[in-house]
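The following exercises are to be worked with the sequence and the model open side by side. Each task is followed by a solution in steps.

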Amino acid sequence: MNPRLAAARALAAVLSGKASLGGSLPAQLDKVEPRDRALAQDLAFGAARWQPRLAALAERLLQKPFKTADKDVEALLLVGLYQLFHTRIPAHAAIGETVGCADKLKKPWAKGLLNAVLRNAQRQGEAIFAELERDPAARTAHPRWLQKALKAAWPEHWEAVCAANNAHPPLILRVNRRHGSRDTYLAELAHAGIAAEPCAFSRDGIRLAEARDVKTLPGFAEGRVSVQDEAAQLAADLLELAPGQRVLDACCAPGGKTCHLLEAEAGLAEVVAVDLEESRLVRVRENLDRLGLDARLIAADGRDTAGWWDGKPFQRILLDAPCSATGVIRRHPDIKLTRKEDDIPALAQLQGELLDALWPTLEVGGVLLYATCSTLPRENSDNIAAFLARTPGARELDIPGTYGLKQPHGRQLLAQEDGHDGFYYAKLIKIAASPRG
């Protein structure tokens, strides 16, 4: 299959609300020649990353919007525009190959439309983009609701956040403490000719100068390193783990933090890892097996403690709550297309319900670490403020450090170009049992 067609079909599924790129792209890549798969992936992710900007350009060039039934043609146009303005593919090849895909969609009528719009974009695109600079949503390539939300929450940082969201993320490794130190592994990478440097905030983190197939890294198959963003790596040390503790990792998939907890403290009595669906736990088990670790995996709704909790209290709880994922857009650019403003109140409600349900499983004196990969206060500091107000036995613990921005409650890390993802942490201690636990 033509890589442009594969990218357009995957993107069309996202535009239609049927799937994410993570769900739709792999099936399309299987139909592409191996040599073209990297191109197909770049086209799909790139068109999604710049969609708000490219769509604004297309709107200026089209006489009327596409019909709902023609999301595939709309996606193909976006793929063509992405090639013209964000790749080094020659314009004649980008236009010719993209237009030719209309036949494969069984919509030959679209060839003339695509050809005309793409050629007009080639002639007029830069001038139109200059006009669009006055529109912050188009300029930053973010949906308007999100651009406004980021500006309201972070008036001094929002443009840098948007720039980071549009950048390609660095490849960050986590060294397995059970198999050696970070310095030792850095020396091994240097010996192998792989440029890398230590992360600034995570004691186990390494940033590679260039992305590469992780299977080619020394000791990856043996579990000596894993891929995990620096911000996510901070959780293990924030929990202040100690031998003999019983730890709950709620909403654990895909298991990166579950594994890090076990790497960081070999003497834990038990790690219980809960996630909603059995299928999501498959990846968790695979990661544990590669690293030679073990945890008790439970497929359940974390809020339904009567259905999965054995009544034995936990000394530590990590609640990596479901969220808008607005802090990891650079890794999942289709979030710009799939996440809606109306999602945020519903997510905040779910996060509050998880906090309320899990709090009774924590023993007095125990610590709960609340985490999200969101950059929106409604899901973060505001949520913790509401929880503390309704939970007499909960107190907040300070999170020291030079990373992120201290908030009224917790600490917010904003996405940084060539640095960490956007992430939020709040650390709570149970000083007394409340009426509900």
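**Exercise 1. Determine what share of the residues is buried, and judge the overall form of the chain.**

Step 1. In this predicted model, buried residues account for 55% of the 437 residues. The cut-off applied is a relative accessible area under 20%.

Step 2. For 437 residues, a compact globule would have a radius of gyration near 22 Å; the protein has 23 Å, so the value agrees with that expectation.

Step 3. Along the principal axes, the C-alpha trace spans about 70 × 50 × 40 Å.

Step 4. The protein contains 18 helices and 13 strands. Of the contacts between residues at least 6 apart in sequence, 73% join residues at least 24 apart.

**Exercise 2. Describe the packing of helix α1 against helix α6.**

Step 1. Two packed helices are described by the angle between their axes and the distance between the axes.

Step 2. Helix α1 comprises residues 3-15 and helix α6 residues 91-104; their axes come within 9 Å and cross at roughly 65 degrees. The crossing of α1 and α6 is right-handed.

Step 3. From α1, the residues Arg-4, Leu-5 and Arg-9 take part; from α6, they meet Ala-94, Glu-97, Thr-98, Cys-101 and Lys-104. By class, this contact of α1 with α6 has three nonpolar, one polar and four charged residues.

**Exercise 3. Place Leu-61 in its helix and identify its contacts that are remote in sequence.**

Step 1. Leu-61 belongs to helix α4, which covers residues 51-61.

Step 2. The relative accessible area of Leu-61 is 14%, and Leu-61 is therefore buried.

Step 3. With residues up to four places away in sequence not counted, Leu-61 touches Val-117, Asn-120, Ala-121, Gln-124 and Ile-128.

Step 4. Leu-61 and Leu-118 are 57 residues apart along the chain, and their C-alpha atoms are separated by 8.9 Å.

**Exercise 4. Locate the annotated binding site and compare the settings of Ala-253 and Asp-301.**

Step 1. An unreviewed UniProt entry lists, under "binding site", Cys-251, Cys-252, Ala-253, Pro-254, Gly-255, Gly-256, Lys-257, Asp-275, Asp-301 and Asp-320.

Step 2. Ala-253 is found in the loop between β5 (246-250) and α13 (256-264). Pro-254 has its place in the loop between β5 and α13, and the peptide bond from Ala-253 to Pro-254 is cis, with omega near 5 degrees.

Step 3. Is Ala-253 buried or exposed? Its relative accessible area is 14%, so Ala-253 is buried. Beyond four places in sequence, Ala-253 touches Asp-275, Arg-280 and Val-284; Asp-275 is itself among the positions that UniProt lists for the binding site.

Step 4. Asp-301 lies in the loop between β7 (296-299) and α15 (305-308). A relative accessible area of 25% makes Asp-301 partly exposed. Apart from neighbours within four places in sequence, Asp-301 is in contact with Leu-276 and Trp-308.

**Exercise 5. Characterise the surroundings of the residue annotated as active site, and the domain record.**

Step 1. In the unreviewed UniProt entry, the annotation "active site" covers Cys-373. This residue lies in the loop between β9 (362-372) and α18 (381-390).

Step 2. Cys-373 counts as buried because its relative accessibility is 17%.

Step 3. Leaving out residues up to four places away in sequence, Cys-373 touches Cys-323, Ala-325, Thr-326, Gly-327, Val-328, Gly-422 and Phe-423.

Step 4. The unreviewed UniProt entry lists residues 161-431 as "domain: SAM-dependent MTase RsmB/NOP-type". Over residues 161-431 the chain is 30% helix and 24% strand, with the end C-alpha atoms 37 Å apart.

**Exercise 6. Examine the backbone of Lys-106 and Asp-418, where phi is positive in a residue other than glycine.**

Step 1. Lys-106 has phi near 60 degrees and lies in the loop between α6 and α7 (110-132). With a relative accessible area of 75%, Lys-106 is exposed.

Step 2. Asp-418 has phi near 65 degrees. The loop between β12 (411-413) and β13 (423-430) contains Asp-418.

Note on methods. Residues numbered from 1 in each chain as written. Predicted model: local features only at pLDDT ≥ 70, side-chain atom pairs only at ≥ 80, totals over all residues. Heavy atoms only, no water. UniProt positions renumbered as here; feature names shortened; annotations may be inferred. Helix = DSSP H or I, 4+ residues; strand = E, 2+ residues; numbered from the N terminus. Buried < 20%, exposed > 50% of the residue type's maximum accessible area, 1.4 Å probe, protein only. Contact = heavy atoms within 4.5 Å. Axes fitted to C-alpha atoms, helices over the stretch in contact; angles between N-to-C directions. Left-handed = near helix turned anticlockwise from the far one by under 90°. Nonpolar A, V, L, I, M, F, W, Y, C, P; charged D, E, K, R; others polar. Rg over C-alpha atoms; globule rule 2.2 N^0.38 Å.
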